[in-house]
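Please open the model in your viewer and keep the selection tool at hand for a short tour with three stops.

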Amino acid sequence: MPMELTQSRIQKIWLPPDNHPALPRRSCGPQLTNSPTVIVMVGLPARGKTYISKKLTRYLNWIGVPTKVFNVGEYRREAVKHYSSYDFFRPDNEEAMKVRKQCALTALRDVKQYLSEEGGQIAVFFIESICNDPNVVATNIMEVKLSSPDYKDCDSCDAMEDFMKRISCYQSSYQPLDPDNYDRELSLIKVIDVGRRYLVNRVQDHIQSRIVYYLMNIHVQPRTIYLCRHGETEHNLKGKIGGDSGLSSRGKKFSNALNRFVQEQNLKDLKVWTSQLKRTIQTAEALGLPYEQWKALNEIDASYQDLVQRLEPVIMELERQENVIVICHQAVMRCLLAYFLDKSADEMPYLKCPLHTVLKLTPVAYGCRVESIYLNIEAVNTHRDKPEDAKKGPNTLMRRNSVTPLASPEPTKKPRFNSFEEHVAAAASAALPTCMPQEPLLGNACL
C-alpha cells in the first residue's frame, strides 16, 4: 500500500501524516533545497548598505520572493530619540555599546518572527560592500547621510565632520569578511568599489544565485529612464484588445510629438527599445534614432506574474544602461513601473499608464522619482479600475515552499522597546531558531 500523504498548509511540501513516522530530520523542520534566506549586509558606514538592501528588496519582491528590510540603524533611532554626536559610536562608550547590541538582538528577534511561518532550514547569505574611494564615500554622505534624522537641522559642514568621525570609530574594530580563511564556509559576495570588482564564495541555491546576478548588473551612475506606450491604434478606437494594429491619425501625431519631446531632453547616447509589434515600431520610427526590438516587450499573453518573469532580462539590462526610452504596451509598462516604484502584485494590474503620456523615471538614493508628462494629444482611455470585489483584501502568491502575501503592507510602526533597562531581561528570549548558525549573524557587521 502506498503511504498516505498530507499537505502542510504553510509549507507547499508533502509530508507523511503523524501516524506514519517520517525519516529523522532536523528539529527545526524539513531541509529544503530553496530555503528561506537571511541576507546580512556588512560594511563600514556610507558604503551603500542601505542602498543595496532597499534595491535588492524591491527586486526580490517584484519577482515574487517576499522580502523585508530590518535596519539596525532604525532600531537605534527608536531607542535613542536624540542623536548627539559620534561619541555614541566610540568603542569605549560602554553604555552606548549596550544599547547598540540590544538593538541588534531586537532586530534579530523580529527577523525570527518574520521567518517563523516558513519553518525548515534557514540559509544565511552575506553581502559586504567595500569602498576605499574617498570621493565616492564623500558623495554618499552628502547625498544620503546628511538628510537622515540624525542630522536634522544640523549645519552640513558640521554633519560631514561628525559622520567622518563616526566612520573612524568603526574602522578601528571592523573586520572584513575573509573568504580565503576564516569565512571560507560562508555564502557571500563582496561588492568592491561600487561594482568595479566582485568576489563570490559558496553560492548555495537558486535565490542566492539570483541575488549575485542582480548585484552584478546594477550601477549608481546618473541616468533617466522613459516609459511610454505606443501611439493610439485603430484597435484602440474600436475597443479591441490585442492584434497587431497600426497607429491611428492621433497615434501618428503622438509619435511626432514624442520626437519633439526627446529632442528637447537633449540626452546623450539615448537608446530606444520597442516590442516586435507594429504599433511600437511605428511610434519609434518617428524619432529618427536607431531602435532595438525586444520580444520580451511584446504585449501580455498570460498572467502578470508570467509577464514579470519574461521581463526580468529587460530589467537587468535597464539596470546596466544609462539613458533609455522604452516604447511598449499597457501591461508591460505596468510591470516595469511596478518594479521601479516597488508596487505589489495586487496593485500592478491597475497602475495607470495612459496613452500619449511619458513617464520620466529618475533613480535617486533610495527609490525613484517619477514625472508624468502628457504630450497634449488626445487618445481613448484604456484604463480599467480595480473591481470592488478585488478590493476586499490582498491576494496571496504561491512562492517557493509557502503561501505568503507578496509585498504585504507594513504594519503600524510601534516602539520595539521603551528602554534598554526594561528590555534587557527579554534579551535571552530573542535567540535565533535552532537551525540558524549559533554565532551572531552580524558579528562582522557594524552595529
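The tour below goes from a helix to a loop and then to a second helix.

This is a predicted model, in which local features need pLDDT of at least 70 and side-chain atom pairs count only at pLDDT 80 or more, while totals for chains, interfaces and linings use all residues. Residues are numbered from 1 along each chain as its sequence is written, and side-chain values use heavy atoms, with hydrogens and water left out.

Select residues 156-171 to bring up helix α5; helices (H or I, at least four residues) and strands (E, at least two) are DSSP runs, numbered from the N terminus. At the start of α5, a side-chain oxygen of Asp-155 comes to within 3.0 Å of the backbone nitrogen of Cys-157. Among the buried residues of this helix are Ala-159, Phe-163, Ile-167 and Tyr-170, where buried means under 20% relative accessible area, exposed over 50%, and partly exposed in between (1.4 Å probe, protein chains only). If you now add α2 (72-79), α3 (94-115) and α4 (134-143), you will see what the buried residues of α5 pack against.

Next, move to Val-194, in the loop between β5 (187-192) and β6 (197-201). Val-194 is partly exposed, with a relative accessible area of 39%, and, leaving out residues up to four places away in sequence, touches Ile-130, Cys-131, Val-136 and Val-220, contact meaning heavy atoms within 4.5 Å. Asp-133 is 61 residues from Val-194 in sequence, yet their C-alpha atoms are 9.4 Å apart in space.

Finally, select Arg-210 in helix α6 (residues 206-215). Arg-210 is buried, with a relative accessible area of 16%, and touches Tyr-59, Ile-63, Gln-309 and Glu-312, again not counting residues up to four places away in sequence.

Definitions and conventions
Expected span 1.5 Å × (residues − 1). Polar contact = N/O pair within 3.5 Å; in protein donor to acceptor, adjacent residues only side chain to side chain.
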